[in-house]
Every structure is written in C-alpha cells, then in structure tokens.
Amino acid sequence: MLTLARSITHTLSERLAVYQQEGLLRQLRTADNFVDFCSNDYLGFARSSELKTAIRQADTTHANARTGATGSRLLAGQTVLADEVEQELAKFYQTEAALIFNSGYDANIGLLACLPKAGDTLLTDELIHASMIDGARLSYANRHRFRHNDLADLETKLQQASQQGGQIFVAVESVYSMDGDLAPLRELADLCDQYSAALLVDEAHATGVYGSGPNGQHGQGLVVALGLQDRVLARVHTFGKALGVHGAAVVGPAVLRSYLINFARPFIYTTALPPHSLLAIRCAHEQLKINTNAQQMLLQQLNYFRQQVSAILPGATWTNSQSPIQCLIIPENEKARAVATEAQKIGMDVRAILSPTVPVGKERLRLCVHAFNTTDEIDQLLTVLQMALLKNYSL
Ligand SMILES: Cc1ncc(COP(=O)(O)O)c(C=O)c1O
C-alpha cells in the first residue's frame with residue numbers, strides 16, 4: 001500500500017516538474033500591503049468599514065441564526081432568510097425570481113449542465129469563463145463555440161443548430177473576465193430572438209459596476225443597463241467581485257428558479273450558504289444603494305488610467321476594453337511574468353496571465369482599476385511598467 005502511495009506521489013511530482021519546466025507552475029502568493037491592481041474588488045466594498053459594520057450589525061440582529069446552514073436547501077438548509085434575500089435580489093435585478101448558489105462557479109456549472117438537454121444545442125463564446133466551459137462539458141447537448149463577439153459566426157451556428165431541432169441556448173459573459181471587453185448584448189438578443197434561442201449571460205464582472213442610473217450606480221449589471229432583462233433567460237450575478245462578499249445568484253423567470261431547484265446539481269447536492277453569508281449578500285446590495293458615489297469614483301479613476309496609458313505607454317498593446325479590467329498584452333509567458341515581477345518589486349499587486357489560460361501570443365498583465373486607486377498609484381504603476389517593458393521587451 002505504501003509502495004503504491006509512493007509511486008503515485010512520484011507520478012504527481014513528475015507531472016508538476018513538467019509544468020514547472022514549462023514555466024506554468026501555479027503557486028499561492030499572498031500580497032498583503034501591496035497596492036491592489038489585481039483584485040476584482042472594483043468598488044472597494046471588500047475593504048469598506050461601512051459594509052463590515054453593516055454585516056456585523058445584521059449578524060447581531062440575527063443572533064439566533066445557526067452558524068451553518070446544516071444541509072442542502074432541499075433539506076435542513078432552507079430558511080426564511082434565504083427566501084427573503086432571494087426575493088430582494090429578484091426585485092433588485094428586475095426579474096421574477098432569484099436562486100442563490102454557493103459561488104459563481106457553482107451557478108454556472110449548475111445552469112449550463114442542466115438547461116440544455118440531449119438533442120438541444122449550446123453555443124458558447126470562445127472566451128467564456130472556465131466555470132461555463134465546465135458546465136457545458138457536463139451537459140448532454142450538442143456544443144459549439146463561436147468566435148469571440150463575432151455575430152456573423154454565431155448566426156452561422158444558429159442557422160445550423162435550428163436545422164437540427166431541439167432548443168438552442170447561447171452563453172456569453174457581459175464583461176469578459178480576461179479581456180475586459182463587453183459583449184454586444186443588444187445584437188445578441190436580436191439574433192437569439194430571430195432563431196428562438198435562449199440567451200444566458202454571466203454578469204460576474206458587470207455586477208455592481210454597470211446598471212441603471214447615469215453612472216450605473218445601481219449596479220444591476222449590463223443587461224439591466226441596456227434594458228434587456230426580459231430578453232435574457234438567465235443571468236448569473238456573483239457577489240465575490242464588486243460586491244465584496246461571496247456567493248452568486250441565477251436570476252430570471254420563476255419557472256427557471258423551480259427548474260434549477262429540481263435539476264441543478266451544485267444547488268441540490270451541497271450544504272447551502274450559512275446565514276452570515278446571506279446577510280452579507282443583503283448588506284452588500286444595500287451598500288450599493290447607499291454608496292452611490294462608488295461607481296462615479298471608479299469611472300473617474302478608469303478615465304485617468306486610460307488617459308495616462310496614452311501618455312506614458314503610447315506604443316503598448318491593450319485589449320479593447322472600456323471596463324475596469326485593463327489588459328496589457330506582453331507575448332511570451334517569461335516576458336509577461338518578468339514585467340509583472342518588476343511592478344511587484346515596488347509593491348504593486350500586478351499578476352501575469354499566462355498561456356494556456358489565454359492563447360499563446362496573448363499573454364498579458366490583467367490590471368484591475370478600482371475606485372480606491374489614487375492617481376499617484378496609477379502613475380507609479382504605469383511608469384514602472386514602461387521601464388520594465390523597455391528592459392524586457394522592446395516597445
Ligand atoms: C466570468 C466569471 N464567471 C464566474 C466566475 C466564478 O465566480 P465565483 O468567484 O463567485 O465562483 C468568475 C470568477 O472568476 C468569473 O470571472
């Protein structure tokens with residue numbers, strides 16, 4: 001038995017060594033006290049003392065609540081609080097119903113694995129998040145990818161799918177996590193209508209950032225910002241990014257909620273979120289309504305960042321992004337990593353995204369601009385990147 005365990009651990013070490021030789025070894029790294037240009041805490045909610053106090057107060061008011069959910073929502077984990085928070089979310093996201101999942105990863109797996117059945121077709125943008133890809137892999141539907149944001153390619157695939165019969169589903173992100181660009185949601189909704197396809201939108205990076213109000217200050221996401229909520233079957237909102245807490249919800253028609261309660265395995269076969277997390281989700285949404293300046297600040301810092309990029313790094317290549325996710329393309333893993341290291345040396349939390357996570361030749365620094373980043377920090381970051389690029393990569 002011991003010999004078997006040794007030979008398996010040896011195999012695992014060998015596999016890791018190959019990964020290391022290829023420069024791909026992932027390691028956990030703490031970046032406390034660094035200037036944050038990495039996290040998805042776009043509005044600074046995760047560090048907000050107001051939000052922390054509100055959550056603490058809510059916990060006190062619910063002092064009798066259990067520390068854990070103690071079971072799946074279908075068993076002991078169901079609470080009045082969970083139903084109440086879901087009703088609040090449905091109202092906030094301007095739809096009939098919401099169903100909370102333990103994370104965005106779980107929500108996407110659940111949704112994509114159970115909605116399209118055998119004989120149906122699932123069309124996915126080639127750049128969708130790993131959680132949607134994994135969910136799609138678990139589905140028995142016919143699956144095809146269309147080129148990123150390419151409506152003509154999608155239409156070709158919709159035409160082919162409509163000849164095969166079955167229901168058609170199209171899955172996209174509203175703000176793409178690795179490029180920061182936006183999906184053409186209006187045009188996608190038009191195409192979906194034309195081919196009677198159901199549109200599924202992952203709003204992970206739009207939640208809290210875009211929404212109704214002149215500066216998107218209500219934060220319900222890009223679908224609501226464009227008034228498309230009645231033309232999208234399901235939206236996935238995650239709460240671990242701009243909302244600064246944890247968990248996610250799928251929002252849409254009431255029948256979708258019932259369907260997911262019956263068929264979404266990551267909802268059925270897991271212990272539900274504890275009351276503390278539900279209260280945190282409620283408080284974070286209340287914070288969005290109270291702190292209406294946050295999006296304005298984010299927009300201001302983002303505009304400053306874009307303006308300084310033109311001044312300090314005019315020759316650099318960026319993805320086509322207007323969102324807080326700004327990606328500097330530095331082809332080759334080693335070079336991307338070397339430039340990130342230079343920024344880290346002066347205390348900037350900047351991470352390289354390497355191939356195969358992104359395509360070869362599209363390795364990058366994924367920089368996130370936040371409402372709390374100062375103009376000085378932005379200047380320092382862009383200056384160190386300029387110097388590092390000159391050193392490691394002729395601009
Ligand atoms: C586009 C997108 N969808 C879903 C997720 C998963 O969300 P969560 O972190 O809540 O699991 C992420 C997180 O990285 C994401 O970027």
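Biologist: With which handedness does α2 pass α11 in their crossing?
Modeller: This is a predicted model, where local features need pLDDT of at least 70 and side-chain atom pairs pLDDT 80 or more, while totals for chains, interfaces and linings use all residues. Residues are numbered from 1 along each chain as its sequence is written. With α2 and α11 taken as DSSP runs (helices H or I, at least four residues; strands E, at least two), and a crossing called right-handed if the near helix is turned clockwise from the far one by less than a right angle, α2 passes α11 in a crossing that is right-handed.

Biologist: At roughly what angle do the axes of α2 and α11 cross?
Modeller: The axes of α2 (residues 49-61) and α11 (residues 275-290) come within 9 Å. Measuring from 0 to 180 degrees between N-to-C directions, they cross at roughly 135 degrees.

Biologist: How many residues of strand β9 are buried?
Modeller: Strand β9 covers residues 325-329 and is largely enclosed by the rest of the structure. Counting a residue as buried if 20 or more other C-beta atoms lie within 10 Å of its own, the number is 4 of the 5.

Biologist: Which residue of β12 stands opposite Ile325?
Modeller: β9 and β12 (residues 364-368) run antiparallel and are joined by 5 bridges, where pairing needs at least two. Opposite Ile325 in β12 stands Cys368.

Biologist: Which strands stand at the edges of the open sheet?
Modeller: The sheet has 7 strands in the order β2-β8-β7-β6-β5-β3-β4, with mixed pairing. One side of each edge strand is left without a neighbour in the sheet, because each has a single partner strand, and these are β2 and β4.

Conventions:
A residue is buried if 20 or more other C-beta atoms lie within 10 Å of its own, exposed if 12 or fewer, and partly exposed in between; C-beta atoms are placed from the backbone.
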